[in-house]
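Here is a friendly set of notes to read alongside the structure. Please keep the viewer open and follow the points in order.

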Amino acid sequence: MAAGKRQVKNSQASERQVRDRTLSDKAYENILAKIMDGDIPVGGKLPTEQVLSEELGVSRPVLRQALKQLREDDVVVSRQGSGSYVKRRPEGAVRDFAPVGSIADIQRTFEFRAAIEGEAAYLAAERRTDADLKDMQDALSELERCIAEGELGVAADEVFHAAVCNAADNQYFAAARSSMKSNILTGMNLTRNLSLTKPQDRMRLVQSEHYDIFDAIEARDSDAARTAMRAHVENARKRIFEG
């Protein structure tokens, strides 16, 4: 009986966490929309937690989760004893390329990728074969062509990252990544579309990060490969909100 009650309580707690996360995602996107629309300008102070929680129809703990995510995205900054302020205004183009209600999920996908692909790159540097390196080189060459011709390059980008996971020689990395493929492609589509709205230097910067990963794997430098991959994925996440 006691074990059964614990299971019920654990299940209820898990459901509550999922519900709170969904609500915090909605609050996050609502606040983000206000900032992107200019309702709260850069340097402007966000309404108090009480006002925001009432306006958005969420509890204050749920609201704090949303604000925490906005701080991690470097969109708002908290000043002790003063409140939260807008640090930068993401471009409205984000919403042109990201499905409504998907931005919070895209950001979490990047967190997943940084963890999984960082470790995959670490092992790839130890285990890669010449065939693995060729697959990566072919993907990089296709990305170079896409940059030169002003194409999006999502397919080639995905091929490069999948090749790194394959080089780790552990099917669970590829399986974990495959389970999130649609989410990953959504994020890649967003970041590469945003990059196309910038000078070509932006695409070159992204490509240089790819080469950093490749060079470390080729050199069998596991620590550098992990660091380069994590930096690349985390930079992609941050680039979404460059204003």
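1. Let me begin with Arg220, which sits in the loop between H10 and H11. Although Arg220 is not a glycine, its phi is positive, about 60 degrees. Its relative accessible area is 42%, so Arg220 counts as partly exposed. Please bear in mind throughout that this is a predicted model.

2. Asp74 deserves a look as well. It is found in the loop between helix H3 (60-72) and strand S1 (76-79), and its phi is near 65 degrees, again a positive value in a residue other than glycine. With a relative accessible area of 29%, Asp74 is partly exposed. A further positive phi, near 55 degrees, belongs to Asp169, which follows H7.

3. On to H7 itself, which covers residues 154-167. The helix has 14 residues and reaches 20 Å from its first C-alpha to its last, close to the 20 Å expected at 1.5 Å a residue. How much of H7 is buried? Ten of its 14 residues are, so the helix is largely enclosed by the rest of the structure.

4. Which residues of H7 are the buried ones? The list includes nonpolar side chains such as Val154, Phe160 and Val164, but also Asp157, Glu158 and His161. The buried residues of H7 pack against helix H5 (103-127), H6, helix H8 (171-179), helix H9 (181-196), helix H10 (200-218) and helix H11 (222-239).

5. Glu158, one of those buried residues of H7, also belongs to a network of salt bridges that links it with Arg113, Glu117 and Arg177. I would display these four side chains together. The structure holds 22 salt bridges, and a few others come up below.

6. Val164 is another H7 residue to pick out. The largest nonpolar core has 53 residues, and Val164 and Ile31 are those with the most contacts inside it. H5 gives the most to this core, with eight residues. Apart from this core lies another, of five residues, among them Leu123, Cys165, Ala168 and Phe173.

7. What does Val164 touch, leaving aside its neighbours within four places in sequence? Its contacts are Ala120, Ala121, Ala124, Met136, Ile213, Ile217 and Met229.

8. Asp132 is the residue I would examine with most care. It lies in helix H6 (residues 130-149) and is buried, yet it has no salt bridge. The nearest side chain of opposite charge, Arg128, is 7.5 Å away, and a salt bridge requires the nitrogen and the oxygen to be within 4 Å. What Asp132 does have is a polar side-chain atom 2.9 Å from the backbone nitrogen of Thr129. Leaving aside neighbours within four places in sequence, Asp132 is in contact with Arg127 and Ala167.

9. Where, then, is the salt bridge of Arg128? Its side chain meets that of Asp130, at 3.8 Å from N to O. Arg128 is buried, with a relative accessible area of 11%, whereas Asp130 counts as exposed at 62% relative accessibility.

10. Further along H6, Asp138 forms a salt bridge with Lys134, the closest N and O atoms being 2.9 Å apart. Both residues lie in H6, four residues apart, about one turn of the helix. An α-helix has 3.6 residues a turn, so residues three or four places apart point the same way. Asp138 is partly exposed at 39% relative accessible area, and Lys134 is partly exposed at 47%.

11. Helix H11 offers a pair of its own. Arg230 and Glu234 form a salt bridge in which the closest N and O atoms are 3.2 Å apart, and these two residues are four residues apart in H11, about one helical turn. Arg230 is partly exposed, with a relative accessible area of 30%, and so is Glu234, at 29%.

12. Finally, please check Asn193 in helix H9. Is Asn193 buried or exposed? At 16% relative accessibility it counts as buried, the cut-off for that being under 20%. Leaving aside neighbours within four places in sequence, Asn193 is in contact with Phe97 and Leu152.

Key
Residues are numbered from 1 along each chain as its sequence is written. This is a predicted model: local features need pLDDT of at least 70, side-chain atom pairs count only at pLDDT 80 or more; totals for chains, interfaces and linings use all residues. Side-chain values use heavy atoms; hydrogens and water are left out. Buried means under 20% relative accessible area, exposed over 50%, partly exposed in between (1.4 Å probe, protein chains only). Lys and Arg count as positive and Asp and Glu as negative; His and the chain ends are not counted. A polar contact is a pair of N or O atoms within 3.5 Å; within protein, one must be able to donate a hydrogen and the other to accept it, and residues adjacent in sequence count only if both atoms are side-chain atoms. Contact means heavy atoms within 4.5 Å. The expected span of a helix is 1.5 Å times one less than its number of residues. A nonpolar core is a set of buried Ala, Val, Leu, Ile, Met, Phe, Trp, Tyr and Cys residues joined through side-chain atoms within 4.5 Å.
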